[in-house]
Amino acid sequence: MICTRGQHFASVDALPSASWAVFFLAGALLRPMWTLPLFFVLSSALDLGSLAAGTISDWCVSPAYWALALANAALWLGGHVYARRLHEARWRAVPRLAGVLVLTASVAYLLSKGGFYFFSGHYPGADLAGFLARVPHYYPRALGTLAGYVAVGLALAVAARRLAARRPQGALA
């Protein structure tokens with residue numbers, strides 16, 4: 001998240017934000033629930049730091065910013081539910097993961113982008129038709145970015161578990 005969120009000191013050009021995937025993966029891979037507010041504080045600090053540094057405008061910091069907390073909670077919860085109730089360490093579980101990602105991304109999109117569209121004050125004539133017209137343009141990229149980062153994150157988690165399982169008992173790292 002630090003490397004891909006906004007234009008701050010650690011930005012990597014041309015990489016889309018990994019924030020959604022970080023929240024989903026935190027829900028899936030990290031047990032304690034305190035990771036949700038921790039990552040929200042981190043994402044907010046990155047945004048506020050970028051704003052203070054002048055590397056981003058105040059366009060996204062609006063009365064609708066609170067909607068991000070709800071969207072991030074939906075992503076975290078989606079990862080948590082998937083890992084605790086639906087996950088199997090088999091290829092046949094991939095369609096379940098894809099379904100959870102689509103559902104979770106849809107909820108997060110409606111909360112974050114819908115919240116911004118309707119409550120930011122940047123769209124005075126905001127109506128449902130105007131919001132729905134924007135969905136085909138922005139949602140596929142958001143879903144693709146989430147799916148790509150989650151795939152990489154889960155692949156790395158599986159690889160780390162397999163490497164740890166191969167290490168003999170008592171071996172030093």
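Helices here are DSSP runs of at least four residues, numbered from the N terminus. The model on screen is predicted.

**Whole chain**

Start with the whole chain in cartoon view. It holds five helices and zero strands, so the order of elements from the N terminus, by the DSSP runs just described, reads α-α-α-α-α. Show the C-alpha trace alone and turn it onto its principal axes: the spans are about 60 × 35 × 30 Å. Colour by accessibility next. Of the 173 residues in the chain, 34% are buried.

**Proline 95**

Select proline 95, which sits in helix H4. Is proline 95 buried or exposed? Its relative accessibility is 56%, and because the cut-off for exposed is over 50%, proline 95 counts as exposed. Keep proline 95 selected and add leucine 15. These two residues are 80 apart along the chain, and a distance drawn between their C-alpha atoms should read 26 Å.

**The nonpolar patch**

Stay on helix H4 and go to phenylalanine 118, which also lies in this helix. Phenylalanine 118 has a relative accessible area of 35%. That value falls between the 20% and 50% cut-offs, so phenylalanine 118 is partly exposed.

Now add Trp66, Leu70, Phe119, Leu128 and Leu132 to the selection and switch on the surface. Together with Phe118 they make a nonpolar surface patch of about 620 Å². Which helices supply the patch with at least two residues each? Colour H3 (66–86), H4 (94–119) and H5 (128–166) separately, since these are the three to look for.

**The second largest pocket**

Hide the surface and select His87, Glu88, Leu97, Leu154 and Val158. Among the 25 residues that line the second largest pocket, these five lie nearest its centre. The space in this pocket comes to about 720 Å³.

Bring helix H1 (19–29) into view beside H3, H4 and H5: each of the four supplies at least two residues of the lining. Which helix gives the most to this lining? Select H5, which contributes 10 residues.

Finally, colour the lining by residue class. The split is 20 nonpolar, one polar and four charged. Helices H3, H4 and H5 have now come up twice on the tour, as suppliers of the nonpolar patch and of the pocket lining.

Methods: Residues numbered from 1 in each chain as written. Predicted model: local features only at pLDDT ≥ 70, side-chain atom pairs only at ≥ 80, totals over all residues. Heavy atoms only, no water. Patch = residues over 30% accessible without salt bridge, like charges linked within 9 Å, V, L, I, M, F, W, Y side chains within 5 Å. Areas by Shrake-Rupley, 256 points an atom, 1.4 Å probe, with all protein chains shown as cover. Salt bridge = Lys/Arg side-chain N within 4 Å of Asp/Glu carboxyl O. Buried < 20%, exposed > 50% of the residue type's maximum accessible area, 1.4 Å probe, protein only. 1 Å grid on protein atoms, 1.4 Å probe; cavity = no way out; pocket = protein on both sides within 12 Å on 5 of 7 lines; lining within 4 Å. Points joined across faces, edges and corners; volume = space filled by probe spheres on them. Nonpolar A, V, L, I, M, F, W, Y, C, P; charged D, E, K, R; others polar.
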